[in-house]
Amino acid sequence: MIITIGIFVFYNRYSQPVTDISPFTFVSNSEDQLKEVEKINKKIEETELTKKIINGLIEHGFSPDKRILYTIYSPENKVLTISLSNFDGDDKTINLITHIINTISKENNLDTFSVEFSEAKK
């Protein structure tokens with residue numbers, strides 16, 4: 001069983017929202033699991049997690065490229081995909097960015113995410 005909710009949140013470089021959060025539910029075979037995923041989605045919105053992550057990355061010298069995609073399969077299996085314009089792909093950089101994101105996520109009681117990177121559009 002897979003439940004996926006994708007949340008696209010677009011921010012400009014000053015962490016101001018460009019569009020609203022738009023969740024998309026693709027597959028759901030369990031109402032209980034869907035409720036859990038919706039609870040996570042609500043917490044992401046209420047805690048302004050995206051804004052905090054964007055600000056945290058900027059504070060560490062990174063340039064997030066306006067969007068974060070959350071894919072939530074379950075409370076234990078969450079993926080965050082981010083695009084950075086100054087991302088070198090180095091393992092040390094990947095580990096630092098993942099640490100920043102998951103520290104902020106844990107501070108907001110959302111536990112950790114698997115972090116994936118996408119190439120920023122020029």
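This report describes the fold, the charged side chains and three buried positions of a predicted model.

**Overall architecture**

The protein chain contains three helices and five strands, and these elements follow one another along the sequence in the pattern β-β-α-α-β-β-α-β. Of the 122 residues in the protein chain, 40% are buried. When contacts between residues at least 6 apart in sequence are considered, 60% of them join residues that are at least 24 apart. The surface that the protein chain exposes comes to about 7200 Å², and carbon and sulfur atoms supply 47% of that area.

**Salt bridges in helix 1**

Side chains of opposite charge can pair when their charged atoms come close. In this model the count of salt bridges is two, and the table lists the pairs with their nitrogen-to-oxygen distances.

| Salt bridge | Distance, N to O |
|---|---|
| K35 and E31 | 3.8 Å |
| K42 and E46 | 3.7 Å |

K35 and E31 both belong to helix 1, which spans residues 31-46, and they lie four residues apart, or about one turn of the helix. K42 and E46 are likewise in helix 1, and because they are four residues apart, about one helical turn separates them. With regard to solvent, K35 counts as partly exposed at 48% relative accessibility, whereas E31 is exposed, with a relative accessible area of 58%. E46, the acidic partner of K42 in the salt bridge, is also exposed, its relative accessible area being 56%.

**A negative patch and its link to helix 3**

Where on the surface do negative residues form a patch? The patch is made of D32, E36, E76 and D111. Of these residues, D111 is found in the loop between helix 3 and strand 5, the latter covering residues 114-119. D111 has a relative accessibility of 46% and therefore counts as partly exposed, since that value lies between the limits of 20% and 50%.

D111 is also one of the residues in contact with S105. S105 lies in helix 3, which runs over residues 91-107. Is S105 buried or exposed? S105 is buried, with a relative accessible area of 0%. Leaving aside neighbours within four places in sequence, the residues that S105 contacts are L49, L110, D111, T112 and F113. S105, which is buried, thus touches a residue that is partly exposed and that takes part in the negative patch.

**Two further buried positions**

I100 is another residue of helix 3, and its relative accessibility of 6% places it among the buried residues. Which residues does I100 contact, apart from its neighbours within four places in sequence? They are G56, L57, H60 and F62. For L57 there is also a backbone distance: the C-alpha atoms of I100 and L57 are separated by 7.1 Å, although the two residues are 43 residues apart along the chain.

T81 is part of strand 4, which covers residues 77-84. At 16% relative accessibility T81 counts as buried, because this value falls under the limit of 20%. Not counting residues up to four places away in sequence, T81 touches R67, I68, L69, E116 and S118. Of these contacts, E116 and S118 have numbers that fall within strand 5, residues 114-119.

Key:
Residues numbered from 1 in each chain as written. Predicted model: local features only at pLDDT ≥ 70, side-chain atom pairs only at ≥ 80, totals over all residues. Heavy atoms only, no water. Helix = DSSP H or I, 4+ residues; strand = E, 2+ residues; numbered from the N terminus. Buried < 20%, exposed > 50% of the residue type's maximum accessible area, 1.4 Å probe, protein only. Contact = heavy atoms within 4.5 Å. Patch = residues over 30% accessible without salt bridge, like charges linked within 9 Å, V, L, I, M, F, W, Y side chains within 5 Å. Areas by Shrake-Rupley, 256 points an atom, 1.4 Å probe, with all protein chains shown as cover. Salt bridge = Lys/Arg side-chain N within 4 Å of Asp/Glu carboxyl O. Lys, Arg positive; Asp, Glu negative; His and termini not counted. Charge placed at Lys NZ, Arg CZ, Asp CG, Glu CD.
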